[in-house]
Amino acid sequence: GNRVVVAALADGTLRWFRLSDGQELLALFVHFKDRRWVAWTPQGYYMASDKGDELIGWHQNRGWSNAAEFTFAHERREQYRRPDIVRRVIELADEDRAIAAAGKRK
């Protein structure tokens with residue numbers, strides 16, 4: 001079946017892993033003071049509470065001679081805010097299958 005295990009990590013996240021091979025499926029972070037939250041997949045698709053997408057983003061190195069760049073998730077909302085994918089990833093225990101299933105529903 002689609003068995004998963006949930007782990008609480010020292011970085012403050014809960015993470016779901018597929019039991020068969022340890023593949024990470026989903027991460028959840030809840031801000032302890034204001035209760036904003038965000039859940040995201042390894043490929044960056046996410047769902048969040050109001051302003052929860054200000055809690056995560058992408059760090060991109062640009063080589064030794066250039067400064068790294070950080071982009072908050074809310075800056076890529078149109079592309080990556082996909083609650084439909086996030087909701088399916090645990091059910092299907094596979095991110096690619098969740099993306100395909102969500103794509104059919106749009």
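This is a short walk through the structure, one selection at a time. Keep in mind that you are looking at a predicted model.

**Stop 1: the sheet**

Start in cartoon view and pick out strands β1 to β5. Together these five strands make an open sheet, laid out in the order β1-β2-β3-β4-β5, with antiparallel pairing. Which strands sit at the edges? They are β1 (4-8) and β5, each of which pairs on one side only. Neighbouring strands here are turned by 15° against each other on average, direction ignored. If you are new to sheets, it helps to know that strands pair through backbone hydrogen bonds, either parallel or antiparallel.

**Stop 2: across the strands**

Next, select residues 13-18 and 24-30. These are β2 and β3, an antiparallel pair joined by five bridges. Show the side chains of Trp16 and Leu26, and you'll see that tryptophan 16 stands opposite leucine 26 of β3.

Move one strand along. Between β3 and β4 there are four bridges, again in the antiparallel sense. Here the pair to show is alanine 27 and tryptophan 40, the latter in β4, which stand opposite each other.

One more step takes you to β4 and β5, which run antiparallel and are joined by three bridges. Alanine 39 has methionine 47 in β5 as its bridge partner.

**Stop 3: two hairpin turns**

Now follow the chain from β3 into β4. These strands form a hairpin with six residues between them, and arginine 35 in the turn has a positive phi of about 65°. Then look at the hairpin of β4 and β5. Five residues lie between its strands, and glycine 44 takes a positive phi near 100°.

Before leaving, select histidine 31, which lies in the loop between β3 and β4. What does its side chain reach? It gets to the backbone nitrogen of lysine 33, at 3.2 Å. Leaving out residues up to four places away in sequence, histidine 31 also touches Arg36 and Leu55.

**Stop 4: aromatic rings**

Hide the cartoon for a moment and show the aromatic side chains. How many aromatic pairs does a search of the whole structure find? The count is three. Each pair of rings can be described by the distance of the centres and the angle of the planes.

Zoom in on Tyr45 and Tyr80. Their rings form a tilted pair, 5.6 Å centre to centre with 45° between the planes. Tyrosine 45 belongs to the loop between β4 (37-40) and β5 (46-48), while tyrosine 80 is in helix α1 (residues 77-80), so this pair ties together parts that are 35 residues apart in sequence. Are these two tyrosines buried or exposed? Both are buried.

Now select Phe70 and Phe72. This pair is edge-to-face, with 5.0 Å from centre to centre and 80° between the planes. Phenylalanine 70 is partly exposed, at a relative accessible area of 44%. Phenylalanine 72 counts as partly exposed too, with 34% relative accessibility.

Go back to the tyrosines and add Trp58. Ring pairs link Tyr45, Trp58 and Tyr80 into a cluster. Show arginine 76 as well: its charged end sits over the ring of tryptophan 58, 4.8 Å from the ring's centre.

**Stop 5: threonine 71**

Keep Trp58 and Arg76 on screen and select threonine 71, which is found in strand β7 (residues 69-72). Setting aside residues up to four places away in sequence, threonine 71 touches Gly57, Trp58 and Arg76. Why does threonine 71 count as buried? Its relative accessibility is 11%, and buried means under 20%.

For a sense of distance, find arginine 97. Threonine 71 and arginine 97 are 26 residues apart in sequence, and their C-alpha atoms are 27 Å apart in space.

**Stop 6: histidine 59**

Finish on strand β6 (residues 57-60), where you'll find histidine 59. This histidine is exposed, with a relative accessible area of 55%. Beyond its neighbours within four places in sequence, histidine 59 is in contact with Ala68, Glu69 and Phe70. Turn on the side chain of asparagine 61 and look for a polar contact of 2.9 Å to the side chain of histidine 59. As a last check, draw a line between the C-alpha atoms of histidine 59 and phenylalanine 72: they are separated by 8.9 Å, with the residues 13 apart along the chain.

Conventions: Residues are numbered from 1 along each chain as its sequence is written. This is a predicted model: local features need pLDDT of at least 70, side-chain atom pairs count only at pLDDT 80 or more; totals for chains, interfaces and linings use all residues. Side-chain values use heavy atoms; hydrogens and water are left out. Rings of Phe, Tyr and Trp (its six-membered ring) pair if their centres lie within 6.5 Å; planes under 30 degrees apart count as stacked, over 60 as edge-to-face and the rest as tilted. Buried means under 20% relative accessible area, exposed over 50%, partly exposed in between (1.4 Å probe, protein chains only). A charge sits over a ring if NZ of Lys or CZ of Arg is within 6 Å of the ring centre and within 35 degrees of the ring normal. Two strands pair if DSSP finds at least two bridges between them. Axes are lines fitted to C-alpha atoms, for helices over the stretch in contact, and angles run from 0 to 180 degrees between N-to-C directions. Contact means heavy atoms within 4.5 Å. A polar contact is a pair of N or O atoms within 3.5 Å; within protein, one must be able to donate a hydrogen and the other to accept it, and residues adjacent in sequence count only if both atoms are side-chain atoms.
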